[in-house]
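Visitor: I've got a few minutes and a fresh model to look at. Could you walk me through it?

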Amino acid sequence: MNKNPVQITETVLRDAHQSLLATRMRTDDMLKIAAKLDRVGYWSLEVWGGATFDSAMRFLGEDPWERLRRLRQEIPNTRLQMLLRGQNLVGYKHYPDDIVERFIVCARRNGVDVFRIFDALNDIRNMEFSMRIAKREGGHVQATISYTISPVHDIPSFVAMGRELADRGADSICIKDMAGLITPYAAFELITALKRDPGLPVQLHTHYTSGMGTAALLKAVEAGVDVIDTALSSMSLSTSQPPTETLVACLRGTERDTGLDMAALAELARTMTDVRTKYASFEAGIAAVDVNVLQFQVPGGMLSNLVNQLRQQGAMDRYYDVLDEIPRVRKDMGYPPLVTPSSQIVGTQATLNVMCGERYKIIPEEVKQYFRGYYGRPPAPMDPAIQKKAIGDETPITVRPADMLCPGWEDAKKEIGSLATCDEDVLSYALFPQVARSFLDRRRRGMGGKEEVAGAIAAMLFQQQERQVKKTEGIGAPPVALSYWKVLGRQHLRGGWKW
C-alpha cells in the first residue's frame, strides 16, 4: 500500500470547461459522467463557482443552485469543491457581509464541502469573513494564494501570507497559478517552504498555458504537495489543467502513486471527447502552448477574450501593443495578480490606453474605484501621478472595502419580490440583478431552450450588422476605442465583465 499517495482534484466540471469552452457546458452533460467520477477516488471534484454561476443563468438558462443540487445527488461520496472570490463571492465586485454569509450558508446546504477562497489582490482582509463563515458551517476552508511574478512577489512573501492564512483558520493552503506561470523549480521551492511553515496541507492549481504545467506538478509532488489539480485528458492542456491520466501514469509504482484506475479514467475521457464536440463553437482557439503568458503574464481566458474584442473592433493589428501595455498598467496599479476581477480592470485600461493613443485619456469607473481602494490593498504602492489623474484629490480608503457597504439582503428580497421562491433565488438576484431577474422571469413563464437559441441567433445577427456598419463607415482609432468601451459597458450593465 502507498504510504503517501498524491491526491487529485478533478476540474473537468468547472475550470476545464471555463478555460476551454467559455463556461458553456450544460448540467445534463455533466451528469453523464457524475456518478462515474464519484467512483474514481478523487480527493475532490471542482464543480461550482468562478464564472459558472452567472454563465449558467446568462447563457444557458440554467439555475446554478439546481446544478449544484443535482451534482450532489449523483456524487454522494466525493467532496464537492467551489471557487469563491472572497468578498466578491462569484461576482465581480465586493458584496456586503450579510450577502456573503447567506451565500456560504446556502452553498454549504446545497452540497459544497470545500471552499477555495481567494482574493484578486491577495488582500487577506477580503478573505477572512468568508473563511470564518465557511469554517462555522463545517466546510473545509482552502485559503488561497494567487501566484504571480513581480518585483514585490517572492517565496518569503507567499510563505508569510500562508502563515497569516493559517492563523485565520485555514484547513489547507492552495497555490492558485491562474496563468501557468509557476516554473517547476519555483513550485518545488514554494511548496517545500509552505510545508515547513505554516505546515498545513498544500494543494497546487496551475494551467498548461505556458507548457510547464505537468513538470510543475511533478516537482510539486517531489516537494511533498498533498493534492494537485488536473483535468481529464480530453479536457486538458492549453489554458486548462495538465491531464489527469498523465500524472497518474507518471506516479504509478512510486511512493506517491495515486492509486487511481487508468481504465476508469480512460473511459471518462472518451465520454468527454464526445461531449466536447458539442461545444466546438465556444473553443477558446488558443494554441496548445502560448509562451506569451511568460512575457505578459496574461491568463489564457483573458488572452482569448482580448483577441475577441479586438477582432470585433477590426483592431487585431494592435494586439501586441495591448500586450505590451498590460505590464505597464499593472505596475501603475501596484502589481496586482492578474485574476478576476483585477485582470479585467488592468486589461480594459491597457486596451483603452492603446486604442485612444494616449495613456489614461479614458479611465473607466471600475479603474477609478480601484485607485480609490474599493477593491482592496494592492501588493505595492500605486503610481501617485496616475492615481491623481484617476481620482484627483480624493483620499483613498484604507479600511476593508466591505466595511463601506450597507447590508443588502432585505433590499434584494424586497426588490425581487415574488419572482424569488427561495433564499437561493434572492442571492442570485443580489449578485447579478439584471441577469437573475431575466432568468427568474423566464423560469416563471416556463421559457427556456428555444428562447435561448433564438436569443443566440439574434445576438449573432446583431454583431454581423454592427461589424458591417463599422466597415462601411470607416471608423478610425478614437471612435473604435469609444465603441470598445461601449461594448464593455454593455457587458458590465448586464451584470458583470466577460473576458
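Visitor: Let's begin with charges. How many salt bridges does a search of the whole structure find?
Guide: Keep in mind that this is a predicted model. The search covers the whole structure, and its count of salt bridges comes to 37.

Visitor: Take the salt bridge between arginine 400 and aspartate 97. How many residues apart in sequence are the parts that this pair ties together?
Guide: The two side chains meet at 2.7 Å, N to O. Arginine 400 sits in the loop between helix H17 (384-391) and H18, while aspartate 97 belongs to helix H5 (residues 97-110), so the parts they tie together are separated in sequence by 303 residues.

Visitor: Is arginine 400 buried or exposed?
Guide: Its partner aspartate 97 is partly exposed, with a relative accessible area of 23%. The cut-off for buried is under 20%. Arginine 400 has a relative accessibility of 10%, so it counts as buried.

Visitor: Now the salt bridge of aspartate 171 and lysine 135. Which helix holds lysine 135?
Guide: These side chains meet at 2.6 Å, N to O. Aspartate 171 counts as partly exposed at 24% relative accessibility, and lysine 135 is partly exposed too, at 39%. Aspartate 171 is in the loop between helix H7 (155-167) and strand S6 (172-176), so the pair ties together parts 36 residues apart in sequence, with lysine 135 in helix H6 (residues 128-136).

Visitor: What about aspartate 393, buried or exposed?
Guide: Aspartate 393 forms a salt bridge with lysine 388 (2.5 Å, N to O). Lysine 388 counts as partly exposed at 48% relative accessibility. Exposed means over 50%, and aspartate 393 has 68%, so it counts as exposed.

Visitor: Which residues do salt bridges with shared partners join into one network?
Guide: Here the link runs through partners that the salt bridges share. The network is made up of Glu325, Arg328, Asp332 and Arg359.

Visitor: On to the nonpolar side. Which residues touch the most other members of the largest nonpolar core?
Guide: In general, nonpolar side chains in soluble globular proteins tend to be buried together. The largest core here has 106 residues. A second, separate core has 32 residues, including Val329, Ile345, Val367 and Ile386. In the largest core, the members that touch the most others are Trp48, Phe103 and Leu165.

Visitor: Which residues does tryptophan 48 touch, not counting residues up to four places away in sequence?
Guide: Contact here means heavy atoms within 4.5 Å. With its sequence neighbours set aside, tryptophan 48 touches Arg14, Phe53, Pro64, Trp65, Leu68, Gln81, Met82, Leu83, Phe103, Ala107 and Val112.

Visitor: Phe53 rings a bell from helix H3 (residues 52-60). How many of the nine residues of H3 are buried?
Guide: The buried residues of H3 are Thr52, Phe53, Asp54, Ser55, Ala56, Met57, Arg58 and Leu60. Just after H3 comes glycine 61, with a positive phi near 65°. H3 is mostly covered, and its buried count is eight.

Visitor: How are H18 and H19 oriented, roughly parallel or roughly perpendicular?
Guide: The axes of helix H18 (residues 409-416) and helix H19 (residues 423-431) come within 9 Å and cross at roughly 100°. Angles from 65 to 115 degrees fall in one class, so H18 and H19 are roughly perpendicular.

Visitor: And how many residues of the contact of H18 with H19 are nonpolar?
Guide: From H18, Trp409, Ala412, Lys413, Glu415 and Ile416 take part, meeting Asp423, Val426, Leu427, Tyr429 and Ala430 in H19. Three of the residues in this contact are charged and none polar, which leaves the nonpolar ones at seven.

Visitor: Now a loop residue: is serine 234 buried or exposed?
Guide: Serine 234 lies in the loop between strand S8 (227-230) and helix H10 (244-251). Beyond its neighbours within four places in sequence, it contacts Ala269, Met272, Thr273 and Arg276. Its relative accessible area is 12%, so serine 234 is buried.

Visitor: Last one, for the whole chain: what percentage of the residues count as buried?
Guide: The chain has 22 helices and eight strands. Among contacts between residues at least 6 apart in sequence, 76% join residues at least 24 apart. Of the chain's 499 residues, the share that counts as buried is 59%.

Definitions and conventions. Residues numbered from 1 in each chain as written. Predicted model: local features only at pLDDT ≥ 70, side-chain atom pairs only at ≥ 80, totals over all residues. Heavy atoms only, no water. Axes fitted to C-alpha atoms, helices over the stretch in contact; angles between N-to-C directions. Helix = DSSP H or I, 4+ residues; strand = E, 2+ residues; numbered from the N terminus. Parallel < 35°, antiparallel > 145°, perpendicular 65-115°, else oblique. Nonpolar A, V, L, I, M, F, W, Y, C, P; charged D, E, K, R; others polar. Core = buried A, V, L, I, M, F, W, Y, C linked by side-chain atoms within 4.5 Å. Buried < 20%, exposed > 50% of the residue type's maximum accessible area, 1.4 Å probe, protein only. Salt bridge = Lys/Arg side-chain N within 4 Å of Asp/Glu carboxyl O.
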